[in-house]
Amino acid sequence: MKLASLPGGRDGRLVVVSPDLAWYADASTVTATLQSALDDWERFEPQLRALAENLAHGSVPRERFHEREALAPLPRAYQWADGSAYVNHVVLVRKARGAELPDSFWHDPLMYQGGSDDLRGARSPIVLADEAWGCDMEAEVCVVTGDLPQGASREEGLAAVRLVGLVNDVSLRNLIPGELAKGFGFVQSKPATAFSPVFVTPDELGDGWKDGKLSGVLMVDLNGEPFGRADAGQEMTFDFGTLIAHLARTRNLGAGSIIGSGTVSNRDADGSPGRPVSEGGRGYSCIAEQRMVETILTGEAKTPFMHHGDRVRIDMRDAAGHSIFGAIEQEVVPLA
């Protein structure tokens, strides 16, 4: 089942979307918003599935689904927490600055809590007030949970996964060092996050969803050229069950909590830190990672961060070549 939010109130109006992303049926006869559906999932999920089946059979009114019109599936969420599940990404960060990776990084996930009051749709622009801030995309996978109690296990975390989607967790790289130096985490260096047009239930992913990991090539294009082709299911050190349990260690999680995977990152087959797609490699899911590899190999980062007018596209396709979640397509624009 695929769900989306179209304009209508601050939290949008919930719609059920066909598997091919061509049609939608209004879900107001079931419940008004995705958050309200998640709040009482056991009650509303069967009704939404019935609506999805009726949409597939053409037995309910339907309208064309246009990805450009979709809001973030959850325009406001009670929680948005982003992990760093691909330790290869962290290895490169540390190696580029000549620092050793603590052994704990392989056992204890990194995670930060981001702003969740202004989550952006897949076609929303990236508003950049100052190009010197070092604007970067971060292509990721995310899950949405139901309610979970403090101390929930990995298995309980996996059982609470309601939906899966894609993320562009935009970073302002040149603001990060100053914020981290204060010892209090990210704020200004993490602007509004954008999400795929639809979120899907795990069963919709078939064999692509297994043991808390989403397998599939995460396609990242920058200005129309292939930039990243990493597989989200490979080299994921911490699966989503582990990330969810980490977050729930000291707190309850409310229905509608969104947990991100962190930047999807693969090594090359020979174990090297990675090559650009143009050179036959899997490329990168963020510009910073390419710059890290350049620093490791040549002593200097050469690839620039994004400027006004640059465009990023993030997508994942099924075995037949069809987009699963719809594409995130954003342009960097100046602050008006």
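Which residues does M306 touch, not counting residues up to four places away in sequence? In this predicted model, M306 is in contact with I126, L128, C135, D136, M137, L222, I287, V312 and V332. That list is a handy way into the structure, and several of its names return below.

**The cores**

M306 belongs to the largest nonpolar core, which has 66 residues. Along with F65, V164 and F325, M306 is among those with the most contacts inside this core. Another core lies apart from it and has 30 residues, including A25, F44, L55 and V144.

**The five-strand sheet**

Two of the contacts of M306, I126 and V332, also face each other across a strand pair: I126 stands opposite V332 in β20. Strand β7 and strand β20 (residues 328-334) run parallel and are joined by three bridges. Both are part of an open sheet of five strands with mixed pairing, in the order β7-β20-β19-β16-β17. The edges are taken by β7 (126-128) and β17 (225-231); each has a single partner strand, so one side of each is left without a neighbour in the sheet. On average, neighbouring strands here are turned by 20° against each other, direction ignored. As background, strands of a sheet pair through backbone hydrogen bonds, in either the parallel or the antiparallel sense.

**Helix α2 and what covers it**

Let us turn to α2, which spans residues 41-57. This helix has 17 residues and reaches 24 Å from its first C-alpha to its last, close to the 24 Å expected at 1.5 Å a residue. Which residues of α2 are buried? They are W41, F44, E45, L48, L51 and L55. Seen down the helix axis, these buried residues fall within an arc of 125°, so they line one face of α2. The other side of the helix has E42, R43, E53 and H57 exposed. Two of the buried residues, F44 and L55, are also members of the 30-residue core.

The cover over the buried residues of α2 includes β1 (2-6), β2 (13-17), β3 (23-26), α1 (34-39) and β10 (161-168). After the helix comes G58, with a positive phi near 70°.

Two of the covering strands, β2 and β3, run antiparallel and are joined by three bridges. In this pair V16 stands opposite A25 in β3, and A25 is another member of the 30-residue core. Strand β3 also runs antiparallel to strand β4 (residues 63-64), with two bridges between them. There, W23 stands opposite R64 in β4.

**Positive phi outside glycine**

Most residues other than glycine have a negative phi, which makes the following residues worth a look.

| Residue | Phi | Where it sits |
|---|---|---|
| L21 | near 65° | hairpin of β2 and β3, with five residues between the strands |
| D211 | near 55° | loop between β14 (209-210) and β15 (213-214) |
| N223 | near 55° | loop between β16 (217-222) and β17 |

Is N223 buried, partly exposed or exposed? With a relative accessibility of 41%, N223 counts as partly exposed, because partly exposed covers the range between under 20% for buried and over 50% for exposed. The loop that holds N223 connects β16 and β17, two strands of the five-strand sheet.

Technical notes:
Residues numbered from 1 in each chain as written. Predicted model: local features only at pLDDT ≥ 70, side-chain atom pairs only at ≥ 80, totals over all residues. Heavy atoms only, no water. Helix = DSSP H or I, 4+ residues; strand = E, 2+ residues; numbered from the N terminus. Expected span 1.5 Å × (residues − 1). Buried < 20%, exposed > 50% of the residue type's maximum accessible area, 1.4 Å probe, protein only. Arc of directions from axis to C-beta. Contact = heavy atoms within 4.5 Å. Pairing = 2+ DSSP bridges. Axes fitted to C-alpha atoms, helices over the stretch in contact; angles between N-to-C directions. Core = buried A, V, L, I, M, F, W, Y, C linked by side-chain atoms within 4.5 Å.
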